[in-house]
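Here are a few notes to read with the structure open beside you. Take them one at a time and find each spot as you go.

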Amino acid sequence: MGMKMLCYGVSGNAFMDYFQMGESTTRRCVSNLTKGIVCCCALANQYLQKPTKSDARNIVAMHERVHKIPGMMGSLDITKVHWKNCPTAWKGQFQGREKVASIGLEAMVDNNLWFWHAAFGFPGTLNDINVWERSSLYESMIDGAHDELDFEFLVDGEVFDKLIYLVDGIYPPLTRFLSSESDPHTKLAYSFAQDQEAHRKDVEQGFCVLKLKFLALMHPIHLHRKDDIYDMVLASILMHNMMISWEKRYKGDIGCLALVMIDGTDVPVQHKFDPKFCSHKFQSNGLKYEVGVCIQSGNIVWVNRPFRGGENDLNIARQAVIGALEEGEMVEADGGYAGEEFYIKLPKDAKTEEHRHQNGDKISP
């Protein structure tokens with residue numbers, strides 16, 4: 001019952017006739033479930049852990065492959081959840097510009113949508129700067145704990161030793177923050193602003209995926225106690241990290257060369273028609289995600305950020321998943337991925353790039 005309310009985001013009355021449970025009992029189910037998940041040390045230590053120096057090196061290497069930004073640790077931003085049953089005496093503190101009571105969640109997300117940092121419980125009246133000044137990540141930078149993750153890397157031949165985070169313009173100008181140009185006047189500044197804003201979308205995509213998985217975070221939360229909402233949000237982040245873990249592709253491995261099967265899936269979007277976003281699957285605007293599934297376990301271990309609906313599957317694979325493979329490792333895919341046979345295992349009847357050249361077939365650049 002608790003998982004149904006967490007995933008569907010409905011009130012306890014929605015399942016009253018089926019489960020024969022009152023609304024207060026269903027709320028207790030949610031609270032007990034989420035508190036049990038968060039208090040489980042085995043799960044929390046693995047899926048809510050702080051990054052180690054080894055993790056930091058792997059994250060930076062992945063972002064350098066995907067985003068071409070050396071030293072990038074992740075993207076930092078804030079989202080808010082609506083607290084429907086906020087006590088009247090607290091509404092002045094929790095009711096911000098959204099005109100409803102809300103609680104802030106600050107998070108740092110990498111390109112794989114893994115939440116490496118999550119701080120929840122900030123009143124809705126606080127803006128990003130106020131939340132940042134109360135953040136545990138800020139405290140780690142002040143007391144020197146964050147310096148343990150730093151290592152030297154090269155940027156255009158110059159050595160740097162401070163890992164950076166992509167943020168929006170409201171954050172203070174710290175050495176660890178890389179923000180966009182608010183008013184670019186040159187082509188170089190305009191290009192930098194475009195790239196920074198595009199690569200910063202990882203954290204926004206992470207918030208979107210988290211709320212779509214657990215609709216209780218998207219809809220007004222009916223719980224009364226703030227501590228119960230805290231457990232709900234952290235439990236949702238923990239389960240989200242459990243669902244998407246690239247290392248889980250080794251589960252059930254029996255020595256196969258290819259551990260993961262990848263493919264693209266399209267999602268329709270309501271927007272003015274644009275040929276670049278046109279998906280061939282439903283002949284209208286759409287966004288494309290690249291999804292990888294472990295062949296042995298069936299778990300989703302890879303989700304690559306949304307691309308334009310007209311983007312070619314092979315081009316998407318070249319941007320991220322191929323760079324994430326270990327030496328000698330391959331992934332399985334359909335014939336649409338012909339052209340990278342060294343990394344992608346195709347069906348026996350699929351045309352290779354050489355055959356497609358000979359037959360005059362169109363090949364994506």
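1. Start with the pairing of strand β2 (residues 102-109) and β3, which run antiparallel and share seven bridges. For one rung to look at, take Gly104, whose bridge partner in β3 is Phe122. Keep in mind that this is a predicted model.

2. Now follow the chain round the hairpin of β2 and β3, where five residues sit between the strands. Leu113 is the one to click on there, since it has a positive phi near 70°.

3. How many of the nine residues of β3 are buried? Eight are, so strand β3 (residues 115-123) is largely enclosed by the rest of the structure.

4. Next, helix α9, residues 187-199. Its 13 residues reach 18 Å from first C-alpha to last, close to the 18 Å expected at 1.5 Å a residue. Ala189, Ala193, Gln196 and His199 are its buried residues to check. They lie on the same side of α9, because they cover an arc of only 145° around the axis. As for what covers them, the list includes β1 (72-82), β6 (164-166), β7 (177-178) and α10 (201-213).

5. Last stop: His146, in the loop between α8 (136-143) and β4 (153-155). Is His146 buried or exposed? Its relative accessibility is 3%, and buried means under 20%, so His146 counts as buried. Its side chain makes a polar contact with the side chain of Tyr165, at 2.5 Å. Beyond its neighbours within four places in sequence, His146 is in contact with Leu137, Ser140, Met141, Tyr165 and Arg176.

Methods: Residues numbered from 1 in each chain as written. Predicted model: local features only at pLDDT ≥ 70, side-chain atom pairs only at ≥ 80, totals over all residues. Heavy atoms only, no water. Helix = DSSP H or I, 4+ residues; strand = E, 2+ residues; numbered from the N terminus. Expected span 1.5 Å × (residues − 1). Buried < 20%, exposed > 50% of the residue type's maximum accessible area, 1.4 Å probe, protein only. Arc of directions from axis to C-beta. Contact = heavy atoms within 4.5 Å. Pairing = 2+ DSSP bridges. Polar contact = N/O pair within 3.5 Å; in protein donor to acceptor, adjacent residues only side chain to side chain.
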